[in-house]
Amino acid sequence: MSAGTPKSLASSGQKPIQEICHPLGAEETASVLTPSPDVGNTITSIGGKDLSLPNGTPVETSSPASSSSHLNRLQLDDDLDGETRDLFVTVEDPKKHVSTMETYITYMVATKTTRVEFDLPEYSVRRRYQDFDWLRTKLEDTQPTHLIPPLPEKFVMKGVVDRFSEEFVETRRKALDKFLKRVADHPVLSFNEHFNAFLSAKDLNKRLGLALLSKMGESVKYVTGGYKLRGRPVEFSAMGDYLDMFTQKLGTIDRIAQRIIKEQSEYQVELREYGPVYTTWALSEAELQGPLEGVASCMANCSSALDELTQDMSEDFLPVLREYVLYIESMKIVLKKRDNIQAEYEAKLEAAAFRKEEKASCTQVPTDVEKCHDRVECCNADLKSDWDRWQNNKRQDFRQLLTGMADHNIQYYEKCLAAWESVIPLLRDKQPQETETEED
Amino acid sequence: MMADSGPKEVAVIGNTELTSAELDNNIKNTMVEIEKGTSLLRKLEISVAEAEKRTGKNTVNMQEIYTVYLIETRPVDALTEGITPDSLWRRYSEFELLRNYLLVTYPFVVVAPLPEKRAEIVWHKLSADNMDPDFVERRRVGLENFLHRVASHPVLCNDNIFNIFLTEDKDWKEMVYETGFQAKADSRLKAVNAAFRVKNPDGRFTELKHYSDELQTVLSQLLRVRARVADRLYGVYKVHGNYGRVFSEWSAIEKEMGDGLQSAGHHMDAYAASVDDILEEEEHYADQLKEYLFYTDALRAVCRKHELTQFELEMVALDLACKKQQKEELVTGTVRTFSLKGMTSKLFGQETAEQREAKLQVLEQQLKEGEEAVKEKNTESDEFVKTAWVDIERFKDQKDRDLKEALISYAVMQISMCKKGIQVWTNAKECFNKM
């Protein structure tokens, strides 16, 4: 179960991360078919199997499925076993900055790591949303075949939402924290040079201009393509179908949750009127005055407990749902990219075969087509392992989300229960008794 | 608890092994020689067992559908012997007639109210239709409660008309009308007039009138808000049922998460369905409040009666004082106040001595009668105040007890609702954990 230290990851053990080129990146040597380091990681850690060593030898692409399912289990364990992690990132401490030009919020990004790729073991930098957005764009460009976690929504209608309210800032902070953690936990993305820079560079702006130039073209190419796809492998079709259906379900759940919040708010409005009527009644009574006032204060407690429930659901539940919708949208784009890469390969293969027929005795497969083939295989492997990781994270996230919802509701009922139980002795006796339960 | 004692009351005055005829006779006898304060309920089990629809022709000879209620009575000591109860059918209007009779005949009693004729102050799910089975059922319970209230009242339980209402079908209506109670009823106009013009009502009654007004206002408001709260609560619970459906659909596209989602969905369905029972129980609480809302009318009626008797006493006393003064004037020959008589006698000459003597005689007679009237009215008024106040104290104690019980059972209901909520969400959480 315990993996070999991630330091023995395919690419990192030998060269510094900056020198490793992604197969789909700008420069590459044809002979190097570096497997995705996550696959390599799995293989080395499973012991027994000596499929390949992470030093550039081609990996058997025949069993990416099995290795990714191993990876799946590994990832699960990885999350539970903090020992194997060597990179910890948090987003904390939002602060407001006011300048003549603009007002904005920065967050402190704190890093602790033992990785050699980082010069220092600890970092603490201030970043604003723009910087996160930059990072994500860089990741998308440099790792086009990987699933990049989503960011919280960029645009906020200035009139509708207060960008500087505590709730909004806190919700955003949590989402940004999740984003960085997901990247940090990803065996490929976490070694990305831009991620490193994001975490460590004092001033990110200097790299902004440089970074914008490179690698933009690549991602655009893969999205728009221009090739027609012949036969998509079943598993990727299944992924697409699943994402479509899942998005639909998420949308429905979002609507239901919003409706519940609305109904609860309206219920609360009535409750807030209900309690005071008992207080008014108490004024005209003698013997019943105590009991009636007890009931009134009980109602008030229930009302504020309900308020907390509604707020918790708004702040904790809805944002996570929305974030997954964004996640799925970006995943669909990656799937599309994959399709285009495959289509390009198929087109070139067909063209080559056609030329081969013309030129008789041409035994060598053109390197161009080879390259395309490699791209396809790589992309498929990356996507599959990321998919499995995503499925696993999704499962944990939703388990957490839904148990959280259950917990909020349980807490609400427990508060109400305590309030009513403390009223009973007051109602039963002529003299109000001491009660041990305090009313919330 | 709405009424004092239910049929579980064991105390019995003698007699076992009664035939139906003997039972009837017994009831009549007990009414004659009843010990004060023994309530009928201790001897007789009364219930409004069923409700049925009937069709018939009404007073203007048109077809109508109405509901009848089965009143069953059985002597308490016969419970163990399994004797079938006596029964008869009555409709709501007959209950109304009975109550009106009691109101007029015992004006010093705070007479228990009847349940609503028409459904008012309902929350949306309950229909306002009088034929709706839930409404009919709640009315049945209300009518039974009314009978229990009357039967456990120390004075009312002895009333002949009431007892026959319970046991004899034929000609009861005629009997009621024959009492001539309708003639005894005070006109509304008279009562209002008295309320305005009375000078010295007993302060306690004035206070009681204020209290009943306040209670009416606050209970009406409470019932209205409660109905709105019930509406909203219903909405909250029912929307959760949608989770059940979407979790089920979602589980179909999942592998490992599927089972957990599916079973959680079932719990959400159960949660949504549980609100129906919760709100039905709450209706019982609302009915208890409604009874006391309607009781305020009975309270005000007693106050009005006091004001009327007091006013009549004041009028009679005023009349007496007037007559006394007239006599004095006649005797002394002085005219202290302006009167047309005085003027005319000045203008047209004095009366003769015989005339004066005759007038004096009449006046003396009137004075005597007047004094008798004042004495009578005084006694009447005092008697009324006394008996009324006894009953009001009884009512106050009953109200405090009943409403306290109602609040307690409301709190118990809320506690049960919270516990159920905790249970459901804990179950759902377990399912989510298995995802």
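## Core, helix packing and sheet in a predicted two-chain model

In this predicted model, B:Phe247 touches residues of both chains: A:Ile253 and A:Leu402 from chain A, and B:Leu261, B:Ala264, B:Gly265, B:Met268 and B:Phe432 from chain B, leaving aside residues up to four places away in sequence. B:Phe247 also belongs to the largest nonpolar core, which has 154 residues. Together with A:Tyr278, A:Phe317, A:Trp390 and B:Tyr243, B:Phe247 touches the most other members of that core. Helix H11 of chain B (residues 353-433) supplies the largest share of this core, 22 residues. A second core, separate from this one, comprises 28 residues, among them A:Phe118, A:Trp134, A:Leu151 and A:Phe179.

The packing of two helices from different chains involves B:Phe247 as well. Helix H10 of chain A (residues 367-428) packs against helix H8 of chain B (residues 203-252), with the axes 15 Å apart and an angle of about 160 degrees between them. Angles over 145 degrees count as roughly antiparallel, and H10(A) and H8(B) are therefore roughly antiparallel to each other. The crossing of H10(A) past H8(B) is left-handed. At this site, A:Phe398, A:Leu402, A:Met405 and A:Tyr413 of H10(A) meet B:Tyr237, B:Tyr243, B:Phe247 and B:Trp250 of H8(B).

Chain B also contains an open sheet of three strands, in the order S1-S2-S3 and with antiparallel pairing. S1 and S3 (86-91) are the edge strands, each pairing on one side only. On average, neighbouring strands of the sheet are turned by 25 degrees against each other, direction ignored. The two strand pairs are set out below.

| Strand pair | Sense | Bridges | Partner residues |
|---|---|---|---|
| S1(B) (residues 44-57) and S2(B) (residues 63-75) | antiparallel | 13 bridges | B:Leu44 and B:Pro75 |
| S2(B) and S3(B) | antiparallel | six bridges | B:Tyr69 and B:Arg90 |

S1(B) and S2(B) form a hairpin in which five residues lie between the strands. In the turn, B:Asn61 has a positive phi of about 65 degrees.

Two helices of chain B accompany the sheet. Helix H3 (residues 133-151) packs on the sheet, where H3 touches S1 and S2 of chain B, and the direction of H3 makes about 135 degrees with that of S1(B). Helix H4 (residues 160-167) of chain B lies across S1, S2 and S3 of chain B and runs at about 105 degrees to S3(B).

How values were computed:
Residues numbered from 1 in each chain as written. Chains lettered and ligands numbered in written order. Predicted model: local features only at pLDDT ≥ 70, side-chain atom pairs only at ≥ 80, totals over all residues. Heavy atoms only, no water. Core = buried A, V, L, I, M, F, W, Y, C linked by side-chain atoms within 4.5 Å. Buried < 20%, exposed > 50% of the residue type's maximum accessible area, 1.4 Å probe, protein only. Helix = DSSP H or I, 4+ residues; strand = E, 2+ residues; numbered from the N terminus. Contact = heavy atoms within 4.5 Å. Pairing = 2+ DSSP bridges. Axes fitted to C-alpha atoms, helices over the stretch in contact; angles between N-to-C directions. Parallel < 35°, antiparallel > 145°, perpendicular 65-115°, else oblique. Left-handed = near helix turned anticlockwise from the far one by under 90°.
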